[in-house]
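Got the model open in your viewer? Keep the selection box handy, and we'll go stop by stop.

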Amino acid sequence: MSKFVPVCPADEIPEGEARMHPVGEQVIAIFHIAGQYYALDNHCPHAGASLAHGFIDGDIVSCRIHHWRFCIRDGKYVDEDKPQFDAHTYPVRLAEGMIEVDLS
């Protein structure tokens, strides 16, 4: 069963940027790309660096430490076909101006 929890006001994240937010016991990176919001686990699957503080180019975020690249839309590790390194994604919705994320 879905359980969406509020994360932050949508206007807190400018277009083309990301912010990290603690949600429960996790830290989530929220991206605002092309008018849509996306949520990924904030920790790079490779070395744990913050993806919200990574370099954004279109719908790709690069980790600041080793520059591993992930698709913001689906979390896929784009440098190689190694699904074990995909970033975990979460469903996102907007409700009354708030970004909500489903952690279930």
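Is Ala 34 buried or exposed? Select Ala 34 and show its surface: Ala 34 counts as exposed, because its relative accessibility is 56% (buried means under 20% relative accessible area, exposed over 50%, partly exposed in between, with a 1.4 Å probe and protein chains only). You are in the loop between strand 3 and strand 4 (36-41). Strands here are DSSP runs of E with at least two residues, and helices are runs of H or I with at least four, numbered from the N terminus. Check the backbone too: phi of Ala 34 is near 50 degrees, a positive value in a residue other than glycine.

Some ground rules before moving on. This is a predicted model, where local features need pLDDT of at least 70 and side-chain atom pairs count only at pLDDT 80 or more, while totals for chains, interfaces and linings use all residues. Residues are numbered from 1 along each chain as its sequence is written, and side-chain values use heavy atoms, with hydrogens and water left out.

**Stop: a hairpin**

Now select 18-33. Strand 2 (residues 18-23) and strand 3 (residues 26-33) run antiparallel and are paired over six bridges; two strands pair if DSSP finds at least two bridges between them. Show Arg 19 and you'll find Ile 30 of strand 3 opposite. The hairpin has two residues between the strands, and Gly 24 takes a positive phi near 65 degrees there.

**Stop: two open sheets**

Colour strands 1, 10 and 9. These three strands form an open antiparallel sheet in the order 1-10-9. Its edge strands are strand 1 (4-9) and strand 9 (92-95), each pairing on one side only. Neighbouring strands in this sheet are turned by 35 degrees against each other on average, direction ignored (axes are lines fitted to C-alpha atoms, for helices over the stretch in contact, and angles run from 0 to 180 degrees between N-to-C directions). Five bridges pair strand 1 with strand 10 (residues 98-102) in the antiparallel sense. To see one bridge, pick Val 5 and its partner in strand 10, Val 101. While you're looking at side chains, remember that in a regular strand they alternate between the two faces of the sheet.

Next, colour strands 5, 6 and 7. Here too, three strands make an open sheet with antiparallel pairing, in the order 5-6-7. Strand 5 (55-57) and strand 7 (69-71) are the edges, each pairing on one side only. The average turn between neighbouring strands of this sheet is 25 degrees, direction ignored. Strand 6 (residues 60-62) runs antiparallel to strand 7, joined by three bridges, and Val 61 stands opposite Phe 70.

**Stop: the loop between strands 6 and 7**

Zoom in on His 67, which is found in the loop between strand 6 and strand 7. His 67 is not a glycine, yet has a positive phi of about 65 degrees. Its relative accessible area is 46%, so His 67 is partly exposed.

Trp 68 is found in this loop between strand 6 and strand 7 as well. With a relative accessible area of 16%, Trp 68 is buried. What is Trp 68 in contact with, leaving aside its neighbours within four places in sequence? Select His 46, Val 61, Ser 62, Cys 63, Tyr 77, Asp 79 and Phe 85; contact means heavy atoms within 4.5 Å.

**Stop: the nonpolar cores**

Show Phe 31, Leu 40, Leu 51, Phe 70 and Ile 72, the residues with the most contacts inside the largest nonpolar core, which has 17 residues. Such a core is a set of buried Ala, Val, Leu, Ile, Met, Phe, Trp, Tyr and Cys residues joined through side-chain atoms within 4.5 Å. Strand 3 gives the most to this core, with three residues. A second, separate core of 13 residues includes Ala 10, Val 23, Ile 28 and Tyr 37.

**Last stop: the cysteines**

Why is Cys 44 not bonded to Cys 63? Their sulfurs are 4.0 Å apart, too far for a bond, and Cys 63 has the cysteine sulfur closest to that of Cys 44. A disulfide is a pair of cysteine sulfur atoms within 2.5 Å, and by this rule the count is zero. Cys 71 is in no disulfide either: the nearest cysteine sulfur, that of Cys 44, is 15 Å away. Cys 44 counts as buried at 4% relative accessibility, and Cys 71 counts as buried at 11%.
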